[in-house]
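User: Hi! Could you walk me through this structure with a few questions and answers?

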Amino acid sequence: MPNKFASKSENMENKKKILITGGAGFIGSHVVRLFVTKYPHYHIYNLDKLTYAGNLENLKDIEGHKHYEFIKGDITDAPFIQRLFEETRPDAVIHLAAESHVDRSIKDPLSFINTNIIGTVNLLNAAKAIWEPEMDKHLFYHISTDEVYGSLDHGGFFLETTPYDPQSPYSASKASSDHFVRAWRNTYKIPIMISNCSNNYGPYQFPEKLIPLCINNIKNNKPLPIYGKGENVRDWLYVVDHARAIDLIFHQGKIGETYNIGGFNEWKNIDIVQLLCRIMDQKLGRAEGTSEKLITFVKDRAGHDLRYAIDAHKIMNELGWQPSLQFEEGLEKTVDWYLANESWLQNVTSGNYQKYYEEQYK
Ligand code: NAD
Ligand code: TYD
């Protein structure tokens, strides 16, 4: 398949310029690292507002690369975004910037509407303005979530053709942004692609999400809050495998298409937390069963989706993508990373996070 972004040029004038949004966040930092290290013929711009979830520590190892540039900015600021596109003239956009945590969306839906919907439309407008009339030389790749498809009962999978049925303010805002991206293709002929991925885990995930929150709490002998009965099911993928899928789709995906990404790896929340307890007892030299005692069932999340499960046959069959890690192996690597990066964890859990945590789990 022809790859319009792979023509190599070491000459800065001819380098393809890729704007990655949200590159200081969890998944974005893995995508930026992969693109900066793997594609020296690209110039990578990382646009990020550095909210509580964005952290330049996540990219310390690549910050000095000569074909990498960080830009601090807010995608909800339309005049700024317009100016940025005029000045940098990116050839392609990989859009990850978002408010991403369901519990926060329940408390403050408007900030999700602003960033996830208005922010996305600002980027689409700015891209359209500089890419016309040569739209087909460009690409707007939008990163989305399986949560747009709603909640599954005990059977079935989400396919690319599954009708949208978002149930939380977060998933409603992501579903809306997906619709706007498709509308800009239909109406203004912007070349777009969308991928919808299942739950990610791995290094650099902010410890408000289930897995890093439990790792942090086990380490500190704090209660492990399980919503409801812990029967909800999520389909987990190691973040590096998501970044590899994004790379593949960006280079070999078909314009206008949607790709679901997931590793056929469904787990009940309670089973994951018990597995984490066993791994961490071993790593911390604690007697077996010590950490499980920290499990605490708490009030369920409002409108808690029962089950997500991705059918990833399309990306596997059409693009040859496969996850590289088994879940137990990925979880162990993740625990090792958090234990080895204590100062990262301390930095991100100080300050405002403390207030959020006390409020959420009071
Ligand atoms: P994250 O919360 O860790 O990072 C989001 C990043 O976006 C942060 O660096 C933040 O500073 C930045 N950002 C937020 N608002 C901004 C704004 N107004 N302007 C510029 N930058 C802003 O999120 P993540 O988990 O890395 O998710 C990245 C993307 O992948 C999101 O679009 C999310 O919906 C999607 N996604 C996430 C998962 C998952 O399991 N985490 C799964 C599927 C899809
Ligand atoms: P989360 O990591 O917030 O991801 P998402 O809501 O996007 O799937 O939550 C994963 C699952 O874990 C979800 O079913 C909610 C549950 N959960 C808890 O039981 N306790 C917690 O403290 C958190 C943050 C999540």
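User: How far is an oxygen atom of ligand 2 from a polar backbone atom of Leu210?

Analyst: Happy to help! This is a predicted model, where local features need pLDDT of at least 70, side-chain atom pairs count only at pLDDT 80 or more, and totals for chains, interfaces and linings use all residues. Residues are numbered from 1 along each chain as its sequence is written, chains are lettered from A and ligands numbered from 1 in the order in which they are written, and side-chain values use heavy atoms, leaving out hydrogens and water. Between the ligand 2 oxygen and the polar backbone atom of Leu210, the distance is 2.9 Å.

User: How much of the accessible area of ligand 2 does the protein cover?

Analyst: Accessible areas come from the Shrake-Rupley method with a 1.4 Å probe, and for residues only the protein chains shown count as cover. On its own, ligand 2 has 510 Å² of such area, and the share covered by the protein is 98%.

User: Which element gives the most residues to the shell around ligand 2?

Analyst: Helices (H or I, at least four residues) and strands (E, at least two) are DSSP runs, numbered from the N terminus. Two or more residues come from each of α3 (102-107), α6 (210-219) and β8 (224-227). With 3 residues, the one giving the most is β8.

User: How far is a polar side-chain atom of Arg301 from an oxygen atom of ligand 2?

Analyst: Ligand 2 is surrounded by 19 residues (a heavy atom within 4 Å), and Arg301 is among the closest. Arg234 also has a side-chain N or O atom 2.7 Å from a ligand 2 oxygen. For Arg301, the distance is 2.5 Å.

User: Why does the salt bridge between Asp61 and Arg33 tie together separate parts, and how many residues apart are they in sequence?

Analyst: A salt bridge is a side-chain nitrogen of Lys or Arg within 4 Å of a carboxyl oxygen of Asp or Glu. Here the closest N and O atoms of Asp61 and Arg33 are 2.8 Å apart. Asp61 sits in the loop between β2 (42-48) and β3 (68-72), while Arg33 belongs to helix α1 (residues 26-38), so the pair joins parts whose separation in sequence is 28 residues.

User: Is Lys362 buried or exposed?

Analyst: Lys362 forms a salt bridge with Glu359, at 3.0 Å between the closest N and O atoms. Buried means under 20% relative accessible area, exposed over 50%, and partly exposed in between (1.4 Å probe, protein chains only). Glu359 has 41% and is partly exposed. Lys362 has 76% relative accessibility, so this residue counts as exposed.

Technical notes
A polar contact is a pair of N or O atoms within 3.5 Å; within protein, one must be able to donate a hydrogen and the other to accept it, and residues adjacent in sequence count only if both atoms are side-chain atoms.
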